[in-house]
Amino acid sequence: MNFDLTDDQRLLVDTVTSFVKKESPVERFRKLRDDEEGVGWSRDVMRKFGELGWLAVPFSEDDGGLGGSMVDVALILEQLGAALAPEPFLASIVLGGLAIAHAGDAAQRARWLPDVIAGDKTLAFAHLEEGSRYDAHHVSTRAERTGTGFRLTGRKRWVLNGHAADAIVVVARTSGDVGAREGISLFVVDRGAPGVQITTVRTMDGHRAAMIALDGVEVGAESLLGTEGAALPIVERVLDGATAAACAEGLGLMTQSLQRTRDYLVDREQFGVKIGTFQALQHRAVDMFVETELTRGTTILAALRADDPDPLQRMRGVSVAKVQLARGGRYVVQQAIQLHGGIGITDEADVGLYFKRMHVLESLFGDEDWHLSRVSSPG
Amino acid sequence: MDLSFSPEELAFRDEVREWIRTAMPPRLRAIAEVDGHFGVDETMEWHRILHRKGWVAPHWPRKFGGPGLDVTRRFILTEELELSGAPQLLPFGLSMVGPLIMQFGDEAQQARYLPKILSGEEKWCQGYSEPNAGSDLAAVRLTAEDAGDHFVLNGQKTWTTYAQYADWIFLLARTDTGAKKQAGISFLLCDMKSEGVRVRPTLTIGGTHAFCDTFFEDVRVPKENLVGPLHGGWTLAKALLGHERTLVAAVGSSARTLLRAKRIAQSTTRGGRPLADDPVVRAKIARMECRLEALKMANYRALAGAKQGHAPGAESSILKLCGSEIIQGMYELCLDLMGADALTWMNEPGVVPAWEDWVGPNYNYLRAATIYAGSNEIQKNIIAKLILGLPS
Ligand SMILES: Cc1cc2nc3c(=O)[nH]c(=O)nc-3n(C[C@H](O)[C@H](O)[C@H](O)COP(=O)(O)OP(=O)(O)OC[C@H]3O[C@@H](n4cnc5c(N)ncnc54)[C@H](O)[C@@H]3O)c2cc1C
């Protein structure tokens with residue numbers, strides 16, 4: 001057993017940390033959030049991520065990547081989360097990019113991945129539907145064969161980066177009934193394809209996302225990723241990777257929430273003393289610390305297991321981590337506000353930003369109940 | 001021991017329900033139906049409707065224009081109003097400064113202020129907290145200097161809810177800077193239109209500008225706006241806080257929010273079946289329902305005590321503590337049931353079902369329920385000291 005980071009990983013953490021410290025303070029996020037005209041993140045910064053090699057991390061060297069692991073991805077996302085950097089790393093790399101990497105053939109990977117790795121183009125991954133809750137096999141969007149390819153019809157909800165992505169990886173059904181595990185396929189759909197209707201929506205954390213209607217969208221045969229009807233295992237693997245990544249980002253949020261709360265307890269005075277002298281608050285801060293450390297451990301578990309070839313091991317490790325995030329993460333962001341008193345309720349305080357982002361991460365990729373049911377099912 | 005309402009009380013409840021059903025204008029009813037957000041205008045519209053009916057201040061004595069209802073009827077009326085989803089009236093006049101003026105004000109003050117609170121002609125806000133006086137309220141620094149027939153106010157209040165809409169503010173000011181903390185404070189009423197009053201609304205995590213910084217620069221307040229004795233404001237401050245704490249039990253709002261949770265569980269499906277069919281979901285809802293029933297009983301016991309003229313006891317101290325956590329828990333439940341729809345934030349209608357639109361903003365804003373009206377940590381300190389007799 002060994003929890004040490006390699007030299008390369010330590011270097012990675014250092015570069016990400018110093019980059020966000022210099023170039024991505026929380027204020028940058030606020031500005032992007034409040035800019036009604038923009039997409040909520042910066043294309044320049046995404047390209048810088050590309051130049052620094054971060055977007056290449058999880059892809060194989062054949063695809064122009066660095067052949068890194070989900071642990072490396074987690075290390076990056078923890079720091080991006082801590083800085084509230086809104087660039088679509090999760091949507092474009094961990095979801096859309098890895099879906100193409102896992103499912104696509106050489107030509108498809110060559111067509112999309114270099115631009116994505118450079119940060120010149122971004123992707124989105126459209127899986128959620130009305131009534132799907134978090135079940136990846138609940139797919140009602142249909143893809144019917146045409147002479148030259150497929151025709152896609154259906155509605156996707158809460159597509160992360162769907163409002164800004166150049167292309168969208170769509171989970172659609174080529175056969176079978178809604179809910180069947182067979183018959184699910186993946187397609188890459190150009191955002192400009194006729195019949196693609198993208199509605200930008202706001203999310204609680206100040207990001208944007210998209211509701212996407214596919215109204216008889218014609219795509220060529222080359223946009224089908226992998227084997228027709230057999231994509232569910234890949235979809236589940238991609239979503240588990242995203243869940244592990246979300247846990248890592250959540251850990252960054254928790255670390256910052258704890259840090260800021262600790263600093264506030266040391267700074268704020270009431271009744272002639274620092275409020276950090278009140279034992280009730282000391283114990284609360286300690287509980288926040290404990291939850292953060294537990295989450296640090298389960299995030300490592302999730303990141304390691306996300307690459308596990310055995311799907312049962314993978315699902316279990318990832319679900320344990322998401323359950324811990326749901327409990328511990330929520331506790332930490334709620335208490336961060338509580339211990340800040342009135343100022344914690346204002347939009348000006350950063351703890352509120354962490355609080356909202358945490359709730360979004362909790363509502364994505366399976367809530368506590370959904371992951372509990374995965375842990376409790378016999379396999 | 002008896003939990004039932006008398007036939008007359010039940011008839012009163014039916015009368016209240018029927019009246020609410022017919023009296024609420026369609027525009028307000030449409031918002032109430034989906035538990036949407038009421039702005040100040042809508043709230044004041046409802047205030048005036050209730051005033052015309054004579055029910056705007058169930059807890060006010062007849063002498064000051066109240067309906068003269070007994071404790072049980074007051075409770076019934078309040079609960080039915082909250083359960084109906086009607087706008088919650090602004091408490092600052094009706095439940096805070098109004099009762100205080102009745103108790104401590106002179107006749108001229110009562111005649112000047114109370115009728116306009118009742119009619120809704122004048123809206124109030126509460127100027128207690130300051131940047132360095134939150135939990136430690138007695139540390140207020142805003143000064144009121146004696147200038148003959150008036151005071152001159154200088155300083156800042158903060159977190160002043162709805163100051164941007166208020167006509168008047170009641171505030172704690174330091175009139176004797178030499179005296180010990182609590183001893184030099186006075187309770188003053190100040191016209192918000194006075195020269196030198198400036199208000200800066202603050203955006204909250206609930207997405208609305210719910211409170212403000214309120215600045216005072218050489219603001220003149222006539223001496224007749226002092227309520228109670230000079231330097232004796234602390235007694236008034238405490239009297240009001242005790243009152244404020246029982247207000248925030250929010251039993252009716254929690255009950256209403258539980259209904260909303262059930263509605264979300266019915267309207268949200270997983271695998272083609274409503275979430276409400278899932279035993280795990282049902283148990284979650286039932287758990288909150290049990291907490292609410294327990295809170296209700298605590299509330300009844302406090303009311304029954306008040307009916308017999310007992311001083312508020314342990315029951316009322318726990319009302320704020322549990323009530324705030326339960327209303328937070330109710331919204332947390334709603335948000336959890338929404339699944340990925342919990343992502344929505346101030347979007348156009350139709351992105352999520354209308355009754356889900358304000359869950360997130362309300363959930364966020366209500367993190368404040370355990371902070372305002374004396375934070376829950378402070379409540380626990382009080383209970384530990386005054387009820388359990390623990391050493392301090
Ligand atoms: C939404 C909202 C609306 C409000 N509206 C109004 C209004 O209209 N008018 C008004 O005057 N005020 C209003 N307030 C202010 C409110 O009363 C104060 O926020 C509250 O008293 C806490 O003070 P504070 O914010 O300064 O926090 P602090 O007192 O600094 O407290 C910070 C943290 O320390 C804890 N703490 C403090 N002392 C102790 C102790 N002795 N032991 C253990 N823990 C302790 C607190 O519980 C809290 O968790 C409002 C607040 C909010 C959030």
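In this predicted model, the ligand is surrounded by 29 residues, and the closest of them are A:R268, A:G342, B:S135, B:T161 and B:S375. That list draws on both chains, and indeed the ligand sits between chains A and B. Sorted by class, the shell comes out as 15 nonpolar, 12 polar and 2 charged residues.

Some of the polar contacts can be pinned down to particular serines of chain B. The side chain of B:S135 places an N or O atom 2.6 Å from an oxygen atom of the ligand. For B:S375, a polar side-chain atom is likewise found 2.6 Å from a ligand oxygen. With B:S129 it is the backbone that takes part: one of its polar backbone atoms is 2.7 Å away from an oxygen atom of the ligand. As for how much of the ligand is left uncovered, on its own it has 970 Å² of accessible area, and the protein covers 95% of that. Three elements each give two or more residues to the shell: chain A supplies helix 9 (311-340), while chain B supplies strand 3 (150-161) and helix 12 (376-387).

Turning to the strands of chain A, strand 5 (residues 184-190) has 6 of its 7 residues buried, that is, under 20% relative accessible area, so the rest of the structure largely encloses this strand. Strand 5 has antiparallel pairings with strand 4 (residues 167-173), through 7 bridges, and with strand 8 (residues 224-225), through 2 bridges. A:F187 of strand 5 features in both pairings: A:V170 stands opposite A:F187, and in strand 8 the bridge partner of A:F187 is A:L224.

Helix 5 (residues 89-103) of chain A tells a similar story about burial. Here 14 of the 15 residues are buried, so helix 5 too is largely enclosed by the rest of the structure. Helix 5 isn't straight, though: a kink of about 35 degrees is centred on A:G97.

Helix 8 (residues 279-306) of chain A includes A:L294. What about its exposure? A:L294 has 44% relative accessibility, and because this value falls between the 20% and 50% cut-offs, the residue counts as partly exposed. A:L294 and A:G104 are 190 residues apart along the chain, and their C-alpha atoms are separated by 37 Å.

Key: Residues are numbered from 1 along each chain as its sequence is written. Chains are lettered from A and ligands numbered from 1 in the order in which they are written. This is a predicted model: local features need pLDDT of at least 70, side-chain atom pairs count only at pLDDT 80 or more; totals for chains, interfaces and linings use all residues. Side-chain values use heavy atoms; hydrogens and water are left out. Buried means under 20% relative accessible area, exposed over 50%, partly exposed in between (1.4 Å probe, protein chains only). Helices (H or I, at least four residues) and strands (E, at least two) are DSSP runs, numbered from the N terminus. Two strands pair if DSSP finds at least two bridges between them. The bend at a residue is the angle between axes fitted to the seven residues ending there and the seven starting there. A residue is near a molecule or strand if one of its heavy atoms lies within 4 Å of it. A polar contact is a pair of N or O atoms within 3.5 Å; within protein, one must be able to donate a hydrogen and the other to accept it, and residues adjacent in sequence count only if both atoms are side-chain atoms. Accessible areas come from the Shrake-Rupley method with a 1.4 Å probe; for residues, only the protein chains shown count as cover. Ala, Val, Leu, Ile, Met, Phe, Trp, Tyr, Cys and Pro count as nonpolar, Asp, Glu, Lys and Arg as charged, and the others, Gly among them, as polar.
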